[in-house]
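Hello,

Here is the structure I promised to pass on to you. Have a look at it first, and then read on for what turned up when I went through it.

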Amino acid sequence: MERLTVFVQEHMEDETSRLILDRAKWPEIDIETAVACIESRRKLKNKVPEWYADPGLVFPVRLSAEQCSSTATGIYKADLAEHIAGGSFRLADLTGGLGVDSWFFSKKASEVLYNEMQGALCKAAGHNFMTLGVSNIKISNCIATQETIREILEPFAPNIVYLDPARRGEGGRKVFLIEECTPDVLNLKDLIFEYSRHILLKLSPMADITMVCDRLGPTCREIHVVGAGGECKELLVWMDREWSGEFSITAAELPRDFPASEAITLSYERTPLSSGHEPLATGHEPLVRRAPGEMIVISSERSESRDLFLFEPGKAFMKAGFFNLFRDRFGIEKLGVSTHYYLTDSPEKAEELKKYGKVYSIVSIKPLDKRSIKEAGKSYPHSEVTARNIPMDTDTLRKKLGVTSGDDAHIFGLKSDKSGNLLIITKI
């Protein structure tokens, strides 16, 4: 291992294709493994910087580095496991992979069982955990099936079993249905429950929450939708053998400086998925409306400051189905039933909402037509563009505007149920 790690450090900046072509120069080195380590390290540099910084670690499977958790999501899962256990706990990770999740779990659990079907990953994980000075992780090299679950779990007696099923089928194609992933949790969950009260399941962020819980059954207790870096990263399902009530949903946005700052979370019972998306009936005039003659009118009820802000919730909150939560909790106006953007004329509310997504200061609002598009493109030639729920997509609107990416403005094409299609020019 030492010879391999030295070679990897010496050739971190080299083209890996050239290393493979010149492999005869280094007959003592397994070049395929070395190249996998180099490419994996490059992926881990910003994802798990703690591992990238340790030159003694090895990563023999590139795909595992692509699919492993980041530091932020790893810490979130470890904290969630501690919350589930409610005290000291033992956790079995049945899909160990690169070992990042097991490593983070080991910081909270009294003992962790890392189980992985690929021998190369098991060997590397054993080496890496030792290099990292971890002493409370056991290694198991076994395929989790109905025939092997007892062999894996019974001697370890876990309080929690964690699974991150592989979401690739034959030929490397991506799959999303639970039963298409490996291992098949639908077939294993009842057997796992014989040896552990709790299951923590990581699924694709593309998975449909309602469908997942319907398929997994009434033991689903909590759903956690985790976002980071402007993307929805993970869908986590806590299944409790002794639970038979409704499930709750928590959406968490992890800030860039996590864990120095805490995750921003909102939780709801199942109501976000069952409640309607009707506009808020306040009895007040909307902040923005269309008057006769296609003129956009700013409500006379607005404050004298004349400030107006556009709020775009974080991806995790939208994935969780919290379409009306911000409208109801903060008393802000939702643009439309299917347009999940919000307006407020309160600087105080705008400042508070920054924790939950992006807040833009509105420069102008006009009807979305040829004239307004031409004027906006001419006035703000270097701008970001977003189109939602209007008769054109973002690329088409960008081409009509004739703008290139830049920080002149952020131009939105959005549908308002009360004001029609709008062109909203903003500054962040």
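**What I found**

Within the pair of strands β8 and β9, A252 has T265 of β9 as its bridge partner. These two strands, β8 (residues 248-254) and β9, run antiparallel and are joined by five bridges. Please keep in mind as you read that this is a predicted model.

**The whole protein**

Stepping back for a moment, the protein has 17 helices and 18 strands. It has 428 residues, and 52% of them count as buried. Among contacts with a separation of 6 or more, 64% are between residues 24 or more positions apart.

**The nine-stranded sheet**

The pair I began with belongs to an open sheet of nine strands, in the order β3-β2-β1-β4-β5-β7-β6-β8-β9, and its pairing is mixed. Which strands form the edges? They are β3 (137-140) and β9 (264-268), each of which pairs on one side only. On average, neighbouring strands in this sheet are turned by 15 degrees against each other, ignoring direction.

Helices pack here too. Helix α6 (residues 71-85) packs on the sheet and touches β1 (90-93), β4 (160-163), β5 (198-203), β6 (220-228), β7 (231-240) and β8. The direction of α6 makes about 20 degrees with that of β7. Helix α11 (residues 209-216) lies across β5, β6 and β7, and runs at about 150 degrees to β6.

One residue in the edge strand is worth finding in the viewer: S267, which lies in β9. Is S267 buried, partly exposed or exposed? Its relative accessibility is 43%, so S267 counts as partly exposed. Leaving out residues up to four places away in sequence, S267 touches I249, T250, F322 and R329. Of these partners, F322 is 55 residues from S267 along the chain, and the C-alpha atoms of the two are separated by 9.2 Å.

**The seven-stranded sheet**

There is also an open sheet of seven strands, again with mixed pairing, in the order β13-β14-β12-β15-β18-β17-β16. Its edge strands are β13 (333-334) and β16, and each pairs on one side only.

Starting from the β13 end, strand β12 (residues 309-313) and strand β14 (residues 342-344) run antiparallel, with three bridges between them. In this pair, L310 stands opposite L343 of β14.

At the other end, strand β16 (residues 382-388) runs parallel to strand β17 (residues 404-416), and seven bridges join them. A387 has G413 in β17 as its bridge partner. What lies between these strands along the chain is helix α17 (residues 394-401), and β16, α17 and β17 together make a left-handed β-α-β unit. Helix α17 lies across β16, β17 and β18, running at about 140 degrees to β16.

From β17 the chain goes on through a hairpin of three residues to β18. Strand β18 (residues 420-427) pairs with β17 in the antiparallel sense, over seven bridges. One of the pairs to look for is F412 with its bridge partner in β18, I424. Helix α16 (residues 370-379) lies across β15 (357-367), β17 and β18, and its direction is at about 10 degrees to β18.

**The start of the chain**

Finally, a look at the N-terminal helices. Helix α1 and helix α3 (residues 31-47) pack with their axes 10 Å apart, at an angle of about 55 degrees. That angle makes α1 oblique to α3. The crossing of α1 past α3 is right-handed. On the α1 side the contact is made by L4, F7, V8 and Q9, and on the α3 side by I31, T33, A34, C37, I38 and R41.

In the loop between α1 (2-10) and α2 (16-21) you will find H11. Why does H11 count as buried? Its relative accessible area is 12%, and buried means under 20%. Apart from neighbours within four places in sequence, H11 is in contact with L19, W26, I38 and R42. I38 is therefore a residue to click on here: it appears among the contacts of H11, and among the α3 residues that meet α1.

Enjoy exploring it, and do write back with any questions.

Best wishes

Technical notes:
Residues are numbered from 1 along each chain as its sequence is written. This is a predicted model: local features need pLDDT of at least 70, side-chain atom pairs count only at pLDDT 80 or more; totals for chains, interfaces and linings use all residues. Side-chain values use heavy atoms; hydrogens and water are left out. Two strands pair if DSSP finds at least two bridges between them. Helices (H or I, at least four residues) and strands (E, at least two) are DSSP runs, numbered from the N terminus. A crossover is right-handed if, with the strands pointing away from the viewer, the path from the first strand over the helix to the second runs clockwise. Buried means under 20% relative accessible area, exposed over 50%, partly exposed in between (1.4 Å probe, protein chains only). Contact means heavy atoms within 4.5 Å. Axes are lines fitted to C-alpha atoms, for helices over the stretch in contact, and angles run from 0 to 180 degrees between N-to-C directions. Angles under 35 degrees count as roughly parallel, over 145 as roughly antiparallel, 65 to 115 as roughly perpendicular and the rest as oblique. A crossing is left-handed if the near helix is turned anticlockwise from the far one by less than a right angle, and right-handed if clockwise.
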